[in-house]
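I opened a fresh notebook page today and went looking at a few strands and one side chain. Here is what I looked up, in order.

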Amino acid sequence: GDRGAMGRPECAAFAREHAALLQACWHVFEAPKLAGGFEEGQAIEARFRGRSKYYKGVVRKVWGDGTFKILYDDGDEEEHVEEDHIRALNRAPAESGPLAKLVSLQAVQGGGLGVGSA
């Protein structure tokens with residue numbers, strides 16, 4: 001039967017070798033996503049308090065009720081913003097987002113994430 005990827009010896013060896021790194025950043029791979037595709041660390045524009053004008057910001061948290069915590073570029077924060085008040089913004093993700101944390105952890109650990117690397 002199919003044991004899945006972790007059943008392969010090279011995957012199991014990689015997991016053992018990099019256990020601390022994987023444990024430290026596992027949440028990056030399980031970042032919540034909803035139908036709209038917004039995720040923590042994503043650059044967006046949102047309608048502050050439901051007003052008509054959009055302001056640039058970053059998704060800081062994805063709530064289980066389908067709303068989002070937004071940190072606006074001017075420093076304002078807003079909790080439980082509805083998805084229909086948010087639109088994607090085409091710019092690089094925030095330097096403090098999950099991917100940046102993973103890259104930092106990788107640099108600290110001093111290793112690549114390639115399977116089979118020693």
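How many residues lie between β1 and β2 in their hairpin, and which residue in the turn has a positive phi? I was working with a predicted model here. I found 6 residues between the two strands, and in the turn arginine 49 has a positive phi of about 55°.

Next I looked up the pairing itself. β1 covers residues 43–47, and β2 covers residues 54–62. The two run antiparallel, with 5 bridges between them.

Then I checked what else β1 pairs with. Strand β5, residues 86–88, is joined to β1 by 3 bridges, and this pair is antiparallel too.

I picked out glutamate 45 for a closer look. Opposite glutamate 45 I found lysine 56 in β2, and also arginine 87 in β5.

Is β1 mostly covered or mostly open? I noted that 4 of its 5 residues are buried, so I wrote down "mostly covered", taking buried as under 20% relative accessible area.

My last stop was tyrosine 54, which sits in strand β2. I noted a relative accessible area of 24% for tyrosine 54, and buried needs under 20%, so I entered this residue as partly exposed.

Which residues does tyrosine 54 touch, leaving out those up to four places away in sequence? I listed Glu45, Ala46 and Arg47, together with Asp84, His85, Ile86 and Arg87. For one of these, histidine 85, I also looked up the C-alpha separation from tyrosine 54: 8.3 Å, with the two residues 31 apart along the chain.

How values were computed:
Residues are numbered from 1 along each chain as its sequence is written. This is a predicted model: local features need pLDDT of at least 70, side-chain atom pairs count only at pLDDT 80 or more; totals for chains, interfaces and linings use all residues. Side-chain values use heavy atoms; hydrogens and water are left out. Buried means under 20% relative accessible area, exposed over 50%, partly exposed in between (1.4 Å probe, protein chains only). Two strands pair if DSSP finds at least two bridges between them. Contact means heavy atoms within 4.5 Å.
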